[in-house]
Amino acid sequence: MQASVSSRPQGIIAMVTVIAFLLERFTNVKSQAESAYRRKWRNKMRSAVTYEEWSHAAKMLDKETPKTRECSLYDEELVRKRLQEPKHRRRQGCLRDIIF
């Protein structure tokens with residue numbers, strides 16, 4: 001009985017290791033497939049002869065490219081507020097404030 005009790009933790013560790021390996025493998029395959037798909041549409045954009053071909057490839061690439069709301073290069077909320085302020089001032093009729 002003790003032999004089976006002592007082998008259980010090893011069996012659990014082995015099972016967890018196998019599951020972790022399979023999950024990592026699946027995630028890696030999925031990301032590689034997504035990269036290949038995006039590469040395909042980028043190549044089609046580069047080789048497009050007409051604007052329609054380029055536009056179609058760009059739309060397909062945009063559809064498959066994950067959208068991120070945050071950017072590390074600038075403060076998105078600050079830019080949004082700065083763009084809304086002149087619109088607000090224009091509605092109020094404060095042309096002087098728009099200029100400055």
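The expected span of a helix is 1.5 Å times one less than its number of residues. Helices themselves are DSSP runs of H or I with at least four residues, strands are DSSP runs of E with at least two, and both are numbered from the N terminus. Helix α2 (residues 51-64) offers a friendly place to try the rule: its 14 residues should span 20 Å at 1.5 Å a residue, and its end C-alpha atoms are 20 Å apart, so expectation and model agree. The model is a predicted one, in which local features need pLDDT of at least 70 and side-chain atom pairs count only at pLDDT 80 or more, while totals for chains, interfaces and linings use all residues. Residues are numbered from 1 along each chain as its sequence is written, and side-chain values use heavy atoms, with hydrogens and water left out.

The overall fold comes next. The chain has four helices and zero strands, and its elements run α-α-α-α from the N terminus on. Confidence is expressed as pLDDT, the predictor's confidence in each residue on a scale from 0 to 100. The chain averages a pLDDT of 78, and 80% of the residues score at least 70. Confidence in the chain is highest in α2, at 89, and lowest in helix α4 (residues 95-99), at a mean of 75. Where pLDDT is low, the predicted coordinates should not be read in detail.

Burial was then examined. A residue is called buried under 20% relative accessible area, exposed over 50%, and partly exposed in between, with a 1.4 Å probe and protein chains only. Of the 100 residues in the chain, 8% are buried. Helix α2 has S55, A57, A58, M60 and L61 as its buried residues. Accessible areas come from the Shrake-Rupley method with a 1.4 Å probe, and for residues only the protein chains shown count as cover. The chain exposes about 9,400 Å², of which carbon and sulfur atoms supply 59%.

Aromatic contacts were also sought. Rings of Phe, Tyr and Trp (its six-membered ring) pair if their centres lie within 6.5 Å; planes under 30 degrees apart count as stacked, those over 60 as edge-to-face and the rest as tilted. The structure holds two aromatic pairs. One of them joins Y37 and W41 edge-to-face, with 6.1 Å centre to centre and 70 degrees between the planes. Both residues lie in helix α1 (residues 2-47), where Y37 and W41 are four residues apart, or about one turn of the helix. An α-helix has 3.6 residues a turn, so residues three or four places apart point the same way. The two partners can be told apart by their exposure: Y37 is partly exposed, with a relative accessible area of 27%, whereas W41 counts as buried at 8%.

Helix α3 (residues 76-92) can be checked in the manner of α2. Its 17 residues should span 24 Å at 1.5 Å a residue, and the end C-alpha atoms of α3 are 25 Å apart, which agrees. After α3 comes G93, whose phi is positive, near 85 degrees.

Charged side chains in α3 were considered next. A salt bridge is a side-chain nitrogen of Lys or Arg within 4 Å of a carboxyl oxygen of Asp or Glu, and by this rule the count comes to three. In one of them R80 meets E77, with the closest N and O atoms 2.8 Å apart. R80 and E77 both lie in α3, three residues apart, about one turn of the helix. Both are partly exposed, R80 at 30% relative accessibility and E77 at 40%.

The side chains of R82 and E85 also form a salt bridge, at 3.8 Å from N to O. R82 and E85 are separated by about one helical turn because they are three residues apart in α3. R82 is exposed, with a relative accessible area of 54%, while E85 is partly exposed at 35%. A salt bridge likewise links R89 and E85, at 3.8 Å from N to O. Shared partners thus join R82, E85 and R89 into one network of salt bridges.

Finally, the surface was searched for patches, which are made of residues with over 30% relative accessible area and no salt bridge; like charges are joined within 9 Å and nonpolar side chains (Val, Leu, Ile, Met, Phe, Trp, Tyr) within 5 Å. L73, Y74, V79 and L83 form a nonpolar patch, with about 440 Å² of accessible area together. Of these, V79 lies in helix α3 and is partly exposed, with a relative accessible area of 35%.
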